[in-house]
Amino acid sequence: TGDVNNYEPSGLSTCNVVRLTSNSNVYITGIKSQEDGRIINFLNVNATLYTIRIKINDANSLAANRINTSIEVTLNPNQVCGFWYDIISSVWRVLNKY
């Protein structure tokens with residue numbers, strides 16, 4: 001329902017897809033760091049026009065939980081974005097968005 005720093009939903013360490021929904025437009029500033037090579041897909045399942053935005057290297061999250069991307073990622077309803085954890089750089093990287 002609001003912006004999230006250091007996002008760590010229940011089951012994050014074992015899931016492949018995180019289903020996201022909200023009752024407003026929200027920002028995620030970081031995702032809890034994982035083991036090297038971990039891939040997680042975020043899916044916006046909102047039935048309304050609310051977006052979920054992934055911030056770039058946002059200081060509101062711990063350095064190891066930040067997302068290193070060249071542009072802010074906006075997930076409209078029914079869009080998916082894949083993230084890969086790069087342990088060498090200690091950041092999440094965007095793999096794809098569709």
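This is a stop-by-stop tour of a predicted model, with a selection to make at each stop.

Residues are numbered from 1 along each chain as its sequence is written. Because the model is predicted, local features need pLDDT of at least 70 and side-chain atom pairs count only at pLDDT 80 or more, while totals for chains, interfaces and linings use all residues, and side-chain values use heavy atoms, with hydrogens and water left out.

**The whole chain**

Select the protein chain and show it as a cartoon: there are zero helices and eight strands, where helices (H or I, at least four residues) and strands (E, at least two) are DSSP runs numbered from the N terminus. The C-alpha atoms fill a box of roughly 40 × 25 × 25 Å along the principal axes. A compact globule of 98 residues would have a radius of gyration near 13 Å, and the 12 Å of this chain agrees with that; the radius is taken over C-alpha atoms, and the globule rule is 2.2 Å times the number of residues to the power 0.38.

With a surface display switched on, the accessible surface comes to about 5,200 Å², of which 49% belongs to carbon and sulfur atoms; the areas come from the Shrake-Rupley method with a 1.4 Å probe, and for residues only the protein chains shown count as cover. Of the 98 residues, 39% count as buried, where buried means under 20% relative accessible area, exposed over 50%, and partly exposed in between (1.4 Å probe, protein chains only). Among contacts (heavy atoms within 4.5 Å) with a sequence separation of 6 or more, residues 24 or more positions apart account for 63%.

**The open sheet**

Next select β1, β3, β7, β8 and β5, which in that order form an open sheet of five strands with mixed pairing; two strands pair if DSSP finds at least two bridges between them. β1 (17-20) and β5 (67-68) stand at the edges with a single partner strand each, so one side of each is left without a neighbour in the sheet.

Crossing the sheet from the β1 edge, four bridges join β1 to β3 in parallel, with R19 opposite L43 in β3. β3 and β7 then pair in the antiparallel sense over five bridges, and here F42 stands opposite C81 in β7. Six bridges join β7 to β8, which run antiparallel, and W84 stands opposite R93 in β8. At the far edge, β5 and β8 (residues 91-97) run parallel and are joined by two bridges, where N68 has R93 as its bridge partner.

Zoom in on the hairpin of β7 and β8, which has four residues between the strands, and select S90, whose phi is positive, near 55°.

**The edge strand β1 and the core**

Return to β1 and show its side chains. In a regular strand the side chains alternate between the two faces of the sheet. Here V18 and L20 point to one face and are buried, whereas V17 and R19 point to the other and are not. Leaving out residues up to four places away in sequence, V18 touches Y7, P9, L12, I40, N41, F42 and L43.

V18 also leads into the largest nonpolar core, which has 19 residues and in which V18, F42, I54 and F83 have the most contacts; such a core is a set of buried Ala, Val, Leu, Ile, Met, Phe, Trp, Tyr and Cys residues joined through side-chain atoms within 4.5 Å. Two or more core residues come from each of β1, β2 (26-28), β3 (39-44), β4 (52-54), β6 (73-75) and β7 (80-86), and the largest share, three residues, comes from β7. Colouring β7 by accessibility should show a mostly covered strand, with six of its seven residues buried.

**Three asparagines outside the strands**

Select N46 in the loop between β3 and β4, which at 3% relative accessibility counts as buried. Beyond its neighbours within four places in sequence, N46 is in contact with L20, T21, S22, I52 and P77. A polar atom of the N46 side chain lies 3.2 Å from the backbone oxygen of Y50.

Then move to N6, in the segment before β1, where phi is near 50°, a positive value in a residue other than glycine; N6 is partly exposed, with a relative accessible area of 26%. End at N57, in the loop between β4 and β5, where phi is again positive, near 40°, and the relative accessible area of 41% makes the residue partly exposed.

Notes
A polar contact is a pair of N or O atoms within 3.5 Å; within protein, one must be able to donate a hydrogen and the other to accept it, and residues adjacent in sequence count only if both atoms are side-chain atoms.
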